[in-house]
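Biologist: Could you put the model up and take me through the ligand site, and then one of the hairpins?

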Amino acid sequence: MSLPSREIRATFLRFFEERGHRVLPSASLVPSGDPTLLFTNAGMVPFKRIFTGEESRDYKRAATSQKCMRVSGKHNDLENVGRTPRHHTFFEMLGNFSFGDYGKREAIAWAWELVTAVFGLPIEKLGVTVFREDDEAAGLWRDEVGLAADRIVRLDEADNFWAMGDTGPCGPCSEIYYDLGPTPGARPGFDPTDESGRWLEIWNLVFMQFDRDAGGTMRPLPRPSIDTGSGLERLTTVLQGVRSTYDTDLFAGILARAQELSQVRRGADPEKDVSLHVVADHARAVTFLIADGVLPSNEGRGYVLRRILRRAARHGVLLGLDRPFLFEVCDAVVDEMGEAYPDIAARRRYNQDRVRREEERFGETLAKGLGLLEDEVGAAKRAGRTALAGDVVFKLYDTFGFPLDLTEDILASKQMGFDRAGFEAAMNEQRERARAAWKGSGESAVGPIYAQLAADFESGFRGYDALAADSRILALVSGGAAVPQARAGDAVEVVAEETPFYAEGGGQVGDRGVIETATGRVEVEDTQKPAGGLIIHRGKVVSGEVHVDQAARLLVDPVRRGGAVRHHSGTHLLHAALREVLGPSATQRGSLVTPGRLRFDFSHDAPLSRAQIEALEDLVNGWVAENAPAVVEQMPHRDAIGAGALAMFGEKYGDVVRVVSFGDFSKELCGGTHARATGDVGPLKVVGESGIAAGVRRIEALTGAEALARWRDQERALERAAELLRAPVGEVETRVEKLLEERRALERELAELRARERRAASGDLALQAEEIGGVRVLASRVEGVGGADLRALVDELRERLGSGIVLVAAPADGKVTLALGVTQDLVGRFKAGDLIRETAVIVGGKGGGRPDFAQAGGRDPGKIDEAFARLRELVRQGAS
Ligand code: ALA
């Protein structure tokens with residue numbers, strides 16, 4: 001019996017736990033606070049800021065099995081996945097990490113020990129690569145491990161220098177390869193560059209030494225570190241003695257479900273195997289992405305999810321499945337992996353539902369896309385072309401979710417090609433757009449001064465129980481630099497040994513207040529935590545001076561803090577109520593807690609009904625009335641999640657977490673400040689509900705005094721309206737309805753009066769008609785007529801004349817409008833549009849219209865008579 005993947009994962013973690021590593025749970029696929037990265041793509045991502053020294057933890061060694069996604073890169077272009085034996089979108093990366101603790105020697109020795117002594121891989125089947133210039137690593141492999149010289153190959157940056165992305169921690173690396181046995185075309189000996197598939201990379205050891213900035217400059221890291229990554233899928237392939245990851249037990253249950261549903265057997269037809277593999281790989285990606293809060297959409301992460309899901313659905317079609325099926329394969333993913341990843345087990349139903357809905361939606365566009373493709377192919381053939389335009393193929397790809405390979409398949413069957421360069425150009429444009437949209441999504445860089453201070457100091461937060469503290473000033477920052485003292489008028493940032501000030505975090509705004517010393521006073525406007533455990537009080541010296549090392553008294557503004565506390569606890573109650581009303585899929589996406597209001601963003605894809613909002617308010621206010629006390633506990637992250645505590649997706653939490661509970665209805669991981677009991681929150685009122693992004697809704701609410709103030713404002717507004725209406729408040733509605741009705745009646749009456757007046761006026765005007773060359777012409781100025789009335793007037797005059805040409809000029813506000821009508825019997829000879837063009841020029845305007853009616857605007861009412869004269873002239877010419 002070969003080693004099950006479950007055992008491989010556990011053995012790896014245990015091996016490093018025994019060597020002093022803290023074993024941590026996998027972080028979310030959605031990187032926390034890292035806008036430079038679409039997905040967590042390596043085990044080191046959650047530790048990025050520890051490597052750069054911006055953050056520290058109470059451990060220096062860690063080991064994880066990390067969920068990862070890669071959808072671009074050398075081998076991970078989506079189109080490849082399923083076609084090669086071992087590339088995936090979603091995968092698990094086993095890794096051990098040293099944060100400035102051990103270095104190359106231990107990393108290499110342990111990797112070797114685990115691979116050979118524990119997993120028992122034969123030494124003669126292993127080879128390693130090192131970075132061209134890394135003599136130290138090469139020496140360690142040769143002298144300490146005892147590897148033969150021909151099993152150590154030096155490669156350059158492209159292969160042996162690892163970076164998380166364009167910026168961030170990076171360094172030279174060393175990779176361990178395994179010989180899968182002779183393949184056709186393989187070169188003899190150890191050759192990692194051989195592309196025949198013989199040598200499989202199973203472990204990458206990165207010697208983190210640099211931090212690369214956006215300009216490409218590499219700065220040495222404060223403490224060189226170790227980051228390693230071994231793909232569980234590949235390691236399992238090797239340890240289970242198979243050639244493809246799809247042959248491991250990781251995929252067995254998932255592929256079995258796909259085969260059962262499609263009634264297609266693996267191994268019978270290579271093309272069908274590709275489809276089965278695509279379905280299996282993508283079902284894993286889809287399951288984990290949705291469980292981490294990503295929803296299908298047309299941008300960013302949601303777009304990647306949608307592409308993956310549709311590609312899987314289309315391959316289902318190729319397997320003969322003409323109904324939603326992927327949701328059932330995703331269910332098999334939960335069966336297989338739910339034990340290792342409780343998150344996906346907890347969301348089984350929700351997951352199924354989302355996937356199924358997206359499959360149904362794609363089912364509709366699929367038919368339309370195929371129709372478009374048929375049409376385009378037909379048109380191209382008729383035009384004698386043998387290739388389809390690149391932008392058509394891109395449209396299918398982009399709008400209809402057709403993967404390129406699918407379009408290619410279909411085109412090939414019709415002996416058609418396509419303009420690949422055009423497709424690529426359209427694709428690049430799209431990528432640029434996506435990149436541009438991805439940039440600038442926040443997170444300002446930590447100034448170097450803060451990183452420095454964070455390395456030197458840590459501030460103790462004392463503000464959970466106290467609003468005042470006696471402490472000492474550790475550092476002062478002014479103008480971006482540390483200063484020994486600050487004087488009245490200076491803007492300053494104060495670092496103290498201990499502080500009751502809450503630094504902005506977890507959605508809650510930073511505290512305000514004052515810091516007093518024997519010689520001066522600082523008014524604090526904001527409190528922030530820019531790096532690590534460093535808390536800074538940002539404000540201004542308002543009197544005297546303060547200096548480093550001085551004793552200081554720190555006093556938090558209690559009213560402001562009180563408001564923040566109420567709204568923060570209110571946010572927790574609202575979150576709990578949302579889950580009761582909408583179900584567990586309403587997961588938190590963000591929040592803002594200020595002293596005056598709260599805002600809560602969550603996953604949900606339809607507006608909330610009034611009944612749902614009222615249900616939320618009733619639940620929360622019921623809990624408030626219970627006056628349930630807050631219980632705050634510290635516990636290991638694992639236990640907290642096990643006890644059902646809610647944690648925000650993508651939020652970073654330490655190993656030991658703070659859990660805030662109210663009664664048995666609310667339990668959340670939270671570092672914020674809270675009410676002692678729900679009663680302190682006071683009434684909670686929802687004042688806004690809106691959509692802020694695809695699948696994300698926002699609720700705004702007020703608590704306590706703010707809720708009351710809001711009611712009062714509204715009451716006052718209602719009373720003012722009642723006063724204006726001279727009616728009791730209770731009758732405002734019926735009175736307004738009545739007023740509106742009366743208004744409608746008056747408008748009707750007014751319109752009738754106007755029409756009557758117009759008819760009378762037109763009777764008089766018609767008498768002014770003159771005859772020019774046998775054509776009746778009426779040119780007249782009218783006052784106070786505009787818009788539709790002007791047109792109606794021209795119609796009426798035309799009717800009165802029976803046969804003729806009517807031009808009316810309506811001056812108003814220094815401008816003039818001309819309207820011109822020609823009766824039907826004359827349109828053969830005179831075109832209203834032509835006549836108006838020539839007359840409008842005279843009043844400095846332009847216009848046009850149909851043969852029987854035209855309109856124009858002009859800027860020179862003083863020339864109306866001239867315009868009339870021009871009309872007469874035109875008629876004379878036309879009549880002759
Ligand atoms: N971070 C390294 C990798 O992903 C270990 O290969």
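Modeller: The ligand site comes first below, and a strand pair follows.

Modeller: This is a predicted model, in which local features need pLDDT of at least 70 and side-chain atom pairs count only at pLDDT 80 or more, while totals for chains, interfaces and linings use all residues. Residues are numbered from 1 along each chain as its sequence is written, and side-chain values use heavy atoms, with hydrogens and water left out.

Biologist: Which residues are around the ligand?

Modeller: With a heavy atom within 4 Å as the criterion, they are Ala42, Met44, Arg70, Met93, Trp162, Asn204, Val206, Asp227, Thr228 and Gly229.

Biologist: And which strand supplies the largest share of that shell?

Modeller: Strand S9 does, with 3 residues; S8 (199-212) and S9 (218-231) each supply at least two, strands being DSSP runs of E with at least two residues, numbered from the N terminus.

Biologist: Which ligand atom does Asp227 approach with its side chain?

Modeller: A polar side-chain atom of Asp227 lies 2.8 Å from a nitrogen atom of the ligand. On the side of ligand oxygen atoms, an N or O atom in the Asn204 side chain is 2.9 Å from one, and a polar side-chain atom of Arg70 is 3.1 Å from one.

Biologist: Changing topic, how do S27 and S28 pair?

Modeller: Strand S27 (residues 684-693) and strand S28 (residues 696-703) pair in the antiparallel sense over 8 bridges, where pairing requires at least two DSSP bridges. Lys685 has Leu702 in S28 as its bridge partner.

Biologist: What is in the turn?

Modeller: The hairpin has 2 residues between its strands, and Gly695 in the turn has a positive phi of about 75°.

Methods: A polar contact is a pair of N or O atoms within 3.5 Å; within protein, one must be able to donate a hydrogen and the other to accept it, and residues adjacent in sequence count only if both atoms are side-chain atoms. Helices (H or I, at least four residues) and strands (E, at least two) are DSSP runs, numbered from the N terminus.
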